[in-house]
Amino acid sequence: MAPANDRKVTGLLAATFTPLTAQGEVNLSVIGPYVDYLTEKQGIKGIFVNGTTGESMSLSVAERKDLAEEWCLRAKGRMDNVIIHVGCMSLKDSQDLARHAAEIGADGIAVISPSFFKPRTADALRRFLQEVASAAPTLPFYYYQIPSFTGVNVPVRDVIEDIEKLIPSFRGVKFSGSDLLDFGQCVSYSQPHWSVLYGVDEQLLAGLAMGANGAVGSTYNYMGCYVNQMISAFETKDLVKARTIQFKIQELVRYAIKLGFDIGVNKQLMTEVSGLHLGPPRLPVMPCSPDLAQLIIQKYQSIFV
Ligand SMILES: CC(=O)N[C@H](C=O)[C@@H](O)[C@H](O)[C@H](O)CO
Ligand SMILES: CC(=O)C(=O)O
């Protein structure tokens, strides 16, 4: 069996929303146009499927397979990276999804820690990740940390210590916390064939300064084109320009948080900006009220004129 490849993941990956019908069923028909929109209108060359933004934890395993398959099919030859999140509360379900991701030709898999029975130590978490990764040993494997949702606060640096001895396919981290000490420790420990991806969109510039190879986030669905400009400015050392763009994103995110920002609001914002019909979120996330969506969209338009 071929080992997982060593190709670095760079640039922006959009964490995709899951299109649902008005009745709340998965709506695969939107995925083709969604890929068109990301590539043509936002300059996005990678997607992160069935993650937090994709409401994976609210989907059935069968739905997650259908979605993963359609995203892979539509993105094939058009995106550089299709990473599928396969984390579940059940190790068996995660392994099932990991095997499936390999079958459908995904470029990599990522796993969030279980959060009902939480691993209390790095060792417990590492063993869980190892069992999932071993179900798809040819796929690059990424640990996805998001403590605000999981309540799992094990430092990522502890998780990745000598991890290739346990997980030969380990290729990096998606870091969605704001602890830049731990993040910096991950970057400095990172191996040349690993990718350290930052996941807090409103402070990506700090992540880039700390050495992030790329980024995964929800807002790149509708602000990817601006964030690409920010990355270019950072790369050409135009920090004033890079900050100007980061501050705009912060202004929008702060405004949205004050009004009550969640996946439902975020999904509605994407619907309004893109014109794609993404539908409501799934309960327990509540649909966004039209009034709230209008306020945020007005703010978006006033910031990005
Ligand atoms: C909780 C959540 O959804 N986190 C996303 C990725 O990890 C981010 O992309 C945020 O949505 C974004 O930074 C806005 O706060
Ligand atoms: C942002 C992200 O990575 C996710 O929604 O999973």
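Eight strands (DSSP E runs of at least two residues, numbered from the N terminus) close into a barrel in the order β1-β2-β3-β4-β5-β6-β7-β8, with parallel pairing. On average, and with direction ignored, neighbouring strands of this sheet are turned by 25° against each other. Two strands count as paired if DSSP finds at least two bridges between them. Strands β3 and β4 pair in the parallel sense over three bridges, and H85 has A110 in β4 as its bridge partner.

This is a predicted model, in which local features need pLDDT of at least 70, side-chain atom pairs count only at pLDDT 80 or more, and totals for chains, interfaces and linings use all residues. Residues are numbered from 1 along each chain as its sequence is written, while chains are lettered from A and ligands numbered from 1 in the order in which they are written.

The axes of helix α11 (residues 263-274) and helix α12 (residues 290-303) come within 10 Å and cross at roughly 60°. That makes α11 oblique to α12. The crossing of the two helices is right-handed. On the α11 side the contact (C-beta atoms, placed from the backbone, within 7 Å) is made by V265, Q268, L269, E272 and V273, and on the α12 side by L292, A293, I296, I297 and Y300.

Ligand 2 is surrounded by A15, F48, G51, T52, T53, G199, V216, G217 and S218, where a residue is near if its C-beta atom, placed from the backbone, lies within 6 Å.

The table gives the residue classes of both sets.

| Set | Nonpolar | Polar | Charged |
|---|---|---|---|
| Contact of α11 with α12 | eight residues | one residue | one residue |
| Shell around ligand 2 | three residues | six residues | no residues |

Ala, Val, Leu, Ile, Met, Phe, Trp, Tyr, Cys and Pro count as nonpolar, Asp, Glu, Lys and Arg as charged, and the others, Gly among them, as polar.

How values were computed
Axes fitted to C-alpha atoms, helices over the stretch in contact; angles between N-to-C directions. Helix = DSSP H or I, 4+ residues; strand = E, 2+ residues; numbered from the N terminus. Parallel < 35°, antiparallel > 145°, perpendicular 65-115°, else oblique. Left-handed = near helix turned anticlockwise from the far one by under 90°. Contact = placed C-beta atoms within 7 Å.
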